[in-house]
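Colleague: Please take me through one charged side chain and its surroundings in close detail. Then work outward to the rest of the fold.

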Amino acid sequence: MIWLIGSKGMLALLFKQNKMQWVGTDSEVDITSPEALETFAQSHDSSAGRTGNSASRGTVPEKISWIINCAAYTAVDKAEDDKELARKVNALGPLNIARTARHIGAKLIHISTDYVFDGENPSHVPYTDDAKKNPLSVYGQTKADGEDAIQKEMTQYYILRTAWLYGFAGANFVYKMTGLMNGKDQLKVVDDQRGSPTCALTLADVVLRVIRSSENAHSLFGKNAAIPYGVYNCTDEGEASWFDFATKIYEYGKKYGRIQNSCSLSACTSGEFPQQARRPAYSVLDKTKLQTALRFKLPPWENSLEKFMKSDRFNGSC
């Protein structure tokens with residue numbers, strides 16, 4: 001049984017499609033409260049007749065063997081003033097979840113971010129999984145603290161760092177740009193920050209691969225072994241600036257009828273659009289470790305974006 005914390009994204013859909021046993025929670029189970037997490041975990045493991053995504057009424061749910069934490073405080077600029085709430089959700093929450101996972105004997109998959117790095121490497125070499133963290137913002141610091149808490153609290157964990165994430169549900173850069181391009185004749189987009197745009201479909205696929213790798217393992221070593229526990233960078237392949245990203249959004253938006261207007265894009269510096277929180281200038285992540293462990297290749301970000309924008313599930317009004 002999988003317990004998905006923050007259950008409104010792509011993972012819920014994929015679990016349903018793959019007929020996996022799972023239960024999802026959101027704000028109704030407060031991750032900043034150890035008691036709330038423990039109560040849910042214990043009641044779900046022990047009581048019959050619990051309703052939810054994973055079990056029908058009158059059946060005994062399976063024991064929770066995986067916890068996936070997708071919950072996070074992600075308002076990067078707002079976090080600069082809302083430090084305590086960001087700390088509770090991004091640092092204390094993962095600590096509580098890790099303790100709960102350890103107590104019930106479950107494995108943990110936790111989603112983290114490229115913002116744990118400062119992006120100030122002048123040689124522009126992608127960050128490896130074990131690179132030194134040095135966040136520039138409250139958001140980045142609290143996410144780094146969350147990683148550290150998990151690593152100190154348990155051993156059976158997978159921390160997946162992703163970046164520039166977008167998906168079908170909720171607000172994101174792709175939907176924002178599509179809306180602006182449909183309403184404006186000209187747009188300026190920052191061109192001096194580089195990262196890896198990542199579709200939620202890619203991240204969800206990796207999570208499924210990690211679980212299956214563990215569940216289907218037949219040996220401790222070799223090709224039939226489970227992916228080792230630890231920290232893994234996980235984004236779509238390649239890199240881009242926000243301007244590059246926006247340019248592709250416009251190209252695919254016109255191609256698939258998501259953008260009806262003609263809009264001229266021009267590059268600008270971060271200084272022209274000052275933000276409260278500092279962003280890493282170069283936060284591309286090296287995914288060699290993940291691809292080697294799972295024996296597959298991550299898709300280029302351009303391919304994932306095109307697939308996303310031509311999908312029937314695309315909702316540019318979000």
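**Close look: a charged side chain and its setting**

Modeller: Glu147 is buried, with a relative accessible area of 0%. Buried means under 20% relative accessible area, exposed means over 50%, and partly exposed lies in between, all with a 1.4 Å probe and protein chains only. Two points on the source. This is a predicted model, in which local features need pLDDT of at least 70 and side-chain atom pairs count only at pLDDT 80 or more, while totals for chains, interfaces and linings use all residues. Residues are numbered from 1 along each chain as its sequence is written, and side-chain values use heavy atoms, with hydrogens and water left out.

Now the partner. Glu147 forms a salt bridge with Lys133, at 3.1 Å from N to O. The term stands for a side-chain nitrogen of Lys or Arg within 4 Å of a carboxyl oxygen of Asp or Glu. Side chains of opposite charge can pair when their charged atoms come close. This pair ties distant parts of the chain together: Lys133 sits in the loop between β4 and α4, Glu147 in helix α4, and 14 residues separate them. Helices (H or I, at least four residues) and strands (E, at least two) are DSSP runs numbered from the N terminus.

The two ends have unlike settings. Lys133 is partly exposed, at 22% relative accessible area, whereas Glu147 is buried. Lys133 also has a second acid: its salt bridge to Asp148 has its closest N and O atoms 2.7 Å apart. This link, too, runs from the loop between β4 and α4 to helix α4, over 15 residues. Asp148 is partly exposed, with 28% relative accessible area.

A further salt bridge lies in helix α6, where Asp205 and Arg209 are 4 residues apart, about one turn of the helix. Their closest N and O atoms are 2.9 Å apart. Asp205 is partly exposed at 30%, and Arg209 is partly exposed at 33%. Shared partners join Lys133, Glu147, Asp148 and Arg161 into one network of salt bridges. The structure holds 15 salt bridges.

Back to the helix that carries Glu147. Helix α4 covers residues 138–153, 16 residues in total. From first C-alpha to last it reaches 22 Å, close to the 22 Å expected. The expected span is 1.5 Å times one less than the number of residues. Many of its residues are buried, among them Val138, Tyr139, Lys143, Ala144, Glu147 and Ile150. The cover over the buried residues of α4 includes α3 (83–104), β4 (107–113) and β5.

Next, the nonpolar cores. A nonpolar core is a set of buried Ala, Val, Leu, Ile, Met, Phe, Trp, Tyr and Cys residues joined through side-chain atoms within 4.5 Å. In soluble globular proteins, nonpolar side chains tend to be buried together. The largest core here has 59 residues, and those with the most contacts inside it are Ile109 and Phe245. Helix α6 (residues 200–215) gives the largest share of this core, 8 residues. Apart from it lies another core, of 32 residues, which includes Ile67, Leu108, Tyr115 and Val138. Contact means heavy atoms within 4.5 Å. Beyond its neighbours within four places in sequence, Ile109 touches residues including Trp66, Ile68, Tyr158, Leu160, Val207 and Ile211.

Now the helix packing. Two packed helices are described by the angle between their axes and the distance between the axes. Axes are lines fitted to C-alpha atoms, for helices over the stretch in contact, and angles run from 0 to 180 degrees between N-to-C directions. Helix α5 (residues 173–183) packs against helix α7 (residues 242–255) at about 65 degrees, with the axes 10 Å apart. Phe173, Val174, Met177, Thr178 and Met181 of α5 meet Trp242, Phe245, Ala246, Ile249 and Tyr250 of α7. Helix α5 also packs against α9, at about 60 degrees with axes 12 Å apart. There Val174, Tyr175 and Thr178 of α5 meet Leu305, Phe308 and Met309 of α9.

Finally, two backbone angles. Trp164 has a positive phi of about 45 degrees although it is not a glycine. Trp164 lies in the loop between β5 (157–162) and β6 (165–166), and it is buried at 10%. Arg295, also not a glycine, has a positive phi near 55 degrees. Arg295 sits in the loop between α8 (288–294) and α9 (301–310), and it is exposed at 52%.
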